[in-house]
Amino acid sequence: MAVRLRTLGTAEISGETTLSDEVLAELRTAFRGPLIGPDDDRYEKACVVQNGMFRRSPGLIVRCTGTADVVDAVRLAREHDLLIAVRGGGHSIAGHSIHDGALLIDLSGMRSVTVDPALRTVRVQGGATWGDVDREAQLFGLAVPGGIVSSTGVGGLTLGGGIGWLHRKYGLTCDNLRSAEVVTATGKVLRVDEDNHPELLWGLRGGGGNFGIVTAFEFDAHPVGPVVWNGTAIYPAANAERVLRFWRDWTTDLPDEITTRAVRWTTPTAPHLPPELHDQDVLIIGALHAGGTADGERALAPMRRFGTPLVDLSGPTPYRAVQSMLDPFFPKGELLSYWKSTYCRELDDAVLDLVLRSALERPHPRTMVHVPLLGGAAGRIPETATAFGDRSPQYMLSFDANWTDAADTDRAVRWVRDVLAEAGAQPSATGTYLNFSGEAVLDPGARMAAYGPNLERLGRLKATYDPENRFRLNNNIPPAS
Ligand SMILES: Cc1cc2nc3c(=O)[nH]c(=O)nc-3n(C[C@H](O)[C@H](O)[C@H](O)COP(=O)(O)OP(=O)(O)OC[C@H]3O[C@@H](n4cnc5c(N)ncnc54)[C@H](O)[C@@H]3O)c2cc1C
């Protein structure tokens, strides 16, 4: 099966080439994972990513089983000047990890996780998901701060920052990255840590997939659970204003143990939800206390009394159950999604008003207005200490349009853009979280908003490790000239 693939050309994506049967046969002699081309029975399924907006057709999917496969794939791409897409968990909201005609370097065959309970470290292959990490780490009562949906990939989430239920206690995911194994654009394998390529380690902590393919991440892990106190108080939307004001006041002075978020949403008619919640317009106050359950119950009591909850699901809960609680609401490939966010220094009345108003105009019941509390340990890291950038804002406003019918796409995208424009104009708004961006952040102003004073340093790092910009399907940082 000869395959057609896009080539890079110069600055822009351009051109096409054919990889002959001979070239593919030679690759196959060493490659341990499957090569999945358009003629393969597995191709259609292998093209499905989380965001149903992106039904795309890569030229060839190479499903790697280890670092050597990744090296072979990168070398193949280099030799034939191929456009590369890299896929970890496949959750990119902007669809970075799938592209028509690309050589898709698929890491989903690389999901092993090894825990060192004595050192409290976890080594994770580049294609693992947070569910994989939690399953192994919780055997030892350990956790790495990750995301809040277990099927999200460790790769993209870590490289873009990583917020979840533990960032206030233990920092962003990228802050917990101790070392990495990276395959560079020339196919070299680097060990990256504080002593080896320390500048690259700095860049991996928030600079995205710009510098190479991470085949293994090593993280610090922390004692969490196995049972934690989970706070989930679900209030009727009719009381949203009052509850949100209480939440704002409560969150001005919380201990690091508490990570919390407010979410405006419509709860679906799902069998595992109590009937009172079926198809209800709600404000969810969610929180996790990263300490003992008795302390957690006491510390989270106020959020259950902001009004009368429709349902209060708070209680002692296995940490892994908290981590997968939202999974059923994000079926792979079925929701179309377009998200955008801004950070906010404070939730002043004008911002609260915007949150409440925008929620009323949501384009689809599955669409959320998501307001995570930031700060804590994640907020104490200086802006230039990691590529991630400014940690000073206390909140994020994320407008997460999710819908199911492609006919609604224009309306959903317009809603996000309109409310984001209004949010961005608030005096307390600043920056944006790239992992929650529904499109590639490519213009210089948006890049500056995300990286601030780190942008120039990132450009130099890109010029060192990927001067030809081979890894470009991402929130791309152009190599400094
Ligand atoms: C349902 C859902 C829930 C989410 N929840 C959270 C959350 O709680 N917290 C949060 O911070 N974010 C969250 N996100 C956003 C998430 O962090 C980003 O979408 C992230 O890119 C997903 O990583 P992935 O590996 O699954 O993505 P992919 O689509 O596989 O990869 C995205 C990009 O990351 C890079 N990449 C991935 N793996 C590697 C690797 N091993 N080496 C080099 N580059 C790599 C590549 O550039 C790739 O194109 C969520 C997204 C979704 C859809």
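**Two helix contacts and a ligand site**

Let me begin with the contact in which Val23, Leu27 and Ala30 of helix α1 meet Asp69, Asp72, Leu76 and His80 of helix α3; sorted by residue class, this contact comprises four nonpolar residues, one polar residue and two charged ones. I should say at once that what we are looking at is a predicted model.

As for the geometry of this pair, the axes of α1, which covers residues 21-30, and α3, which covers residues 67-80, come within 10 Å and cross at roughly 160°. Because angles over 145 degrees count as roughly antiparallel, α1 and α3 are therefore roughly antiparallel to each other, and their crossing is right-handed.

The second pair I would like to show is helix α8, residues 240-250, and helix α11, residues 349-360, which pack with their axes 11 Å apart and at an angle of about 140°. That angle makes α8 oblique to α11, and here the crossing is right-handed. On the α8 side the contact is formed by Ala240, Glu241, Leu244, Arg245 and Arg248, which meet Asp349, Leu352, Val355 and Leu356 in α11; these residues divide into five nonpolar and four charged, with no polar ones.

Let me turn, finally, to the ligand. Which residues come nearest to it, of the 35 around it? They are Gly88, Gly90, Ser97, Ile163 and Tyr433. For glycine 90, a polar backbone atom is 2.7 Å from an oxygen atom of the ligand, whereas for tyrosine 433 it is an N or O atom in the side chain that is 2.5 Å from a ligand oxygen atom. A nitrogen atom of the ligand, in turn, is 2.9 Å from a polar backbone atom of valine 214.

Key. Residues are numbered from 1 along each chain as its sequence is written. This is a predicted model: local features need pLDDT of at least 70, side-chain atom pairs count only at pLDDT 80 or more; totals for chains, interfaces and linings use all residues. Side-chain values use heavy atoms; hydrogens and water are left out. Axes are lines fitted to C-alpha atoms, for helices over the stretch in contact, and angles run from 0 to 180 degrees between N-to-C directions. Helices (H or I, at least four residues) and strands (E, at least two) are DSSP runs, numbered from the N terminus. Angles under 35 degrees count as roughly parallel, over 145 as roughly antiparallel, 65 to 115 as roughly perpendicular and the rest as oblique. A crossing is left-handed if the near helix is turned anticlockwise from the far one by less than a right angle, and right-handed if clockwise. Contact means heavy atoms within 4.5 Å. Ala, Val, Leu, Ile, Met, Phe, Trp, Tyr, Cys and Pro count as nonpolar, Asp, Glu, Lys and Arg as charged, and the others, Gly among them, as polar. A residue is near a molecule or strand if one of its heavy atoms lies within 4 Å of it. A polar contact is a pair of N or O atoms within 3.5 Å; within protein, one must be able to donate a hydrogen and the other to accept it, and residues adjacent in sequence count only if both atoms are side-chain atoms.
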